[in-house]
Amino acid sequence: MHALLAMVCLAAQSAPYSEVFEVRDPLRLVITPKMDGRFEDEEWDRLSMSGGVESAMQWEPGILYLGTRAARGKDVVWSLDMNGDGWLVGRDNLEIRIIWTDAGPVGSARLVDATDRDGPIWKREPLLDGMLAIAAATDGDSWVAEAKLIGLYLPQIGDGSRMGVRANAIPGGEATPEAFVPRNTTVTTLRWDRNRDLPFGVEWLSEYKARSVIPGSQFRVRLNFMNPAKNARFERIEMRCQGFLRAGTSESTKPFPGWGRRGRTFVDYETNVAADALLGYRAMQGRLTSDLGESWVFSSFLVAPTVMFDVNLPQDTVQSKDSQIVRGSVWIRSQVLRRIDGLFTLDCPSEYTISRGSNKRVIIYQNRGAIRVPLEIIIPQNASGAISLTFKVRIGTEIIQQTGLLAVRPAE
Ligand SMILES: [Ca+2]
Ligand SMILES: [Ca+2]
């Protein structure tokens with residue numbers, strides 16, 4: 001009897017997490033949302049309607065974005081199998097719960113450590129302050145949450161990363177299952193490009209000189225199509241940028257060219273990008289039409305500031321009773337076709353000391369060139385957390401700024 005009761009309880013507990021989580025497309029694009037608790041047109045890459053919640057998911061290098069629209073009174077639970085190897089496998093199974101309160105959204109996280117497959121356990125508070133940010137707002141009977149997860153010392157969030165996901169809306173305050181209860185996650189892959197409904201035998205590849213464009217200049221991408229059997233027929237291709245970049249760019253429709261030797265052909269999409277375009281990762285789309293229907297290709301790229309900061313700092317630093325020195329570097333990468341002469345500075349909270357790299361004149365002669373600045377940061381005794389770093393370059397009157405986090409994990 002007890003065993004039966006236990007099974008009934010387990011079934012009741014796990015039901016919302018064991019149903020299939022159907023996804024619109026297992027390939028997830030690179031798109032930066034605007035974190036304000038509102039879903040705007042083409043801002044989000046819609047993921048699913050399963051789990052009693054409308055969900056969306058996208059990424060940019062090192063960051064995962066999760067969006068939901070749930071009924072008022074429901075909490076939202078994301079189950080992320082960060083290595084895509086199974087919810088009850090490894091130490092990578094992150095549960096993020098987002099609740100709506102009178103004071104706004106509150107996010108919390110815990111992690112199933114299934115290193116011991118016979119005894120998975122919860123690890124409380126696996127994220128450092130600053131790694132999870134949430135913007136949310138109510139909208140009639142529902143509430144919309146936009147979550148940003150910065151991937152410090154988590155499995156890599158980048159091109160080709162495979163991640164099992166599911167989202168659930170559950171009654172407010174309801175407990176989530178015990179650590180040993182399986183969850184049915186669906187594996188997704190993070191990608192820069194994807195297609196939809198391309199005919200069998202047709203493949204495509206995007207081709208960029210640089211996968212970035214600065215506002216006020218021209219963007220160009222070549223869409224290469226391959227159809228060795230030359231049996232696919234498209235009449236036209238309509239190309240445009242999506243979401244926040246749609247208004248600041250132009251659409252282009254071209255007749256689809258014939259297949260060349262070996263069944264190859266290409267179409268170029270070019271557009272000016274308005275000087276006031278919002279920075280961030282955006283996607284362009286191509287819609288191919290034929291008398292059989294329509295097919296789509298999508299490709300993401302960056303609307304970039306004048307320079308970008310490519311930060312290389314170790315993320316495996318652990319709290320220590322002694323002070324420690326963390327060494328790394330930042331690559332300052334020009335996104336423009338001219339020489340850059342500026343001043344680089346790095347700022348951090350006053351408890352920390354930058355012993356190398358706090359300021360440096362940077363001159364980049366080459367178009368789209370880069371320069372490396374070595375960094376050395378002194379972590380005081382017993383300090384831990386996600387340390388906020390501000391990277392800045394001043395070029396004349398222009399200031400380009402980017403924040404980053406340096407993880408110092410609490411000692412266990
Ligand atoms: Ca938004
Ligand atoms: Ca796992």
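These are my notebook entries on a predicted model of a protein.

**Overall form**

I began with the secondary structure and counted one helix and 30 strands in the protein. I then looked up the radius of gyration, which is 24 Å; the globule rule gives 22 Å for 412 residues, so the protein is as compact as a globular protein of that length. Along the principal axes, the C-alpha atoms fill a box of roughly 70 × 60 × 45 Å. I noted that 34% of the 412 residues are buried. I also checked the contacts between residues at least 6 apart in sequence, and found that 67% of them join residues at least 24 apart.

**Domains**

I recorded the division into domain 1 (15-190), domain 2 (193-303) and domain 3 (307-409). Between the C-alpha centres of domain 1 and domain 2 I read a distance of 30 Å. To their contact, domain 1 gives 10 residues and domain 2 gives 12 residues. On the side of domain 1 that touches domain 2, I listed five charged, four nonpolar and one polar residue.

**The nonpolar core**

I next asked which residues have the most contacts inside the largest nonpolar core. They are Val76 and Ala145, in a core of 94 residues. I followed Val76 further and set aside residues up to four places away in sequence; its contacts are then Val53, Thr68, Ala70, Ile98, Ala145, Ala167 and Ala169. Ala145 is thus one of the residues that Val76 touches. As background I noted that nonpolar side chains tend to be buried together in soluble globular proteins.

**A sheet of seven strands**

I traced an open sheet with mixed pairing, whose seven strands stand in the order S1-S12-S11-S5-S6-S7-S8. Its edge strands are S1 (27-28) and S8 (121-124), each of which pairs on one side only. I looked at the S8 end in detail: S7 (residues 104-114) and S8 run antiparallel and are joined by four bridges. In this pair, leucine 111 stands opposite lysine 123 of S8.

**Strands around S24**

I then turned to S24 and asked in which sense it pairs with S22, parallel or antiparallel. Strand S22 (residues 307-312) and strand S24 (residues 324-334) are antiparallel, with six bridges between them. Phenylalanine 309 has isoleucine 332 of S24 opposite. S24 also pairs with S28 (residues 370-379), again in the antiparallel sense, over 10 bridges. Here I found isoleucine 377 of S28 as the bridge partner of valine 326. I added the general remark that strands of a sheet pair through backbone hydrogen bonds.

Definitions and conventions. Residues numbered from 1 in each chain as written. Chains lettered and ligands numbered in written order. Predicted model: local features only at pLDDT ≥ 70, side-chain atom pairs only at ≥ 80, totals over all residues. Core = buried A, V, L, I, M, F, W, Y, C linked by C-beta atoms within 7 Å. Buried ≥ 20, exposed ≤ 12 C-beta atoms within 10 Å, placed from the backbone. Contact = placed C-beta atoms within 7 Å. Pairing = 2+ DSSP bridges. Helix = DSSP H or I, 4+ residues; strand = E, 2+ residues; numbered from the N terminus. Rg over C-alpha atoms; globule rule 2.2 N^0.38 Å. Domains from an automatic or database assignment. Nonpolar A, V, L, I, M, F, W, Y, C, P; charged D, E, K, R; others polar.
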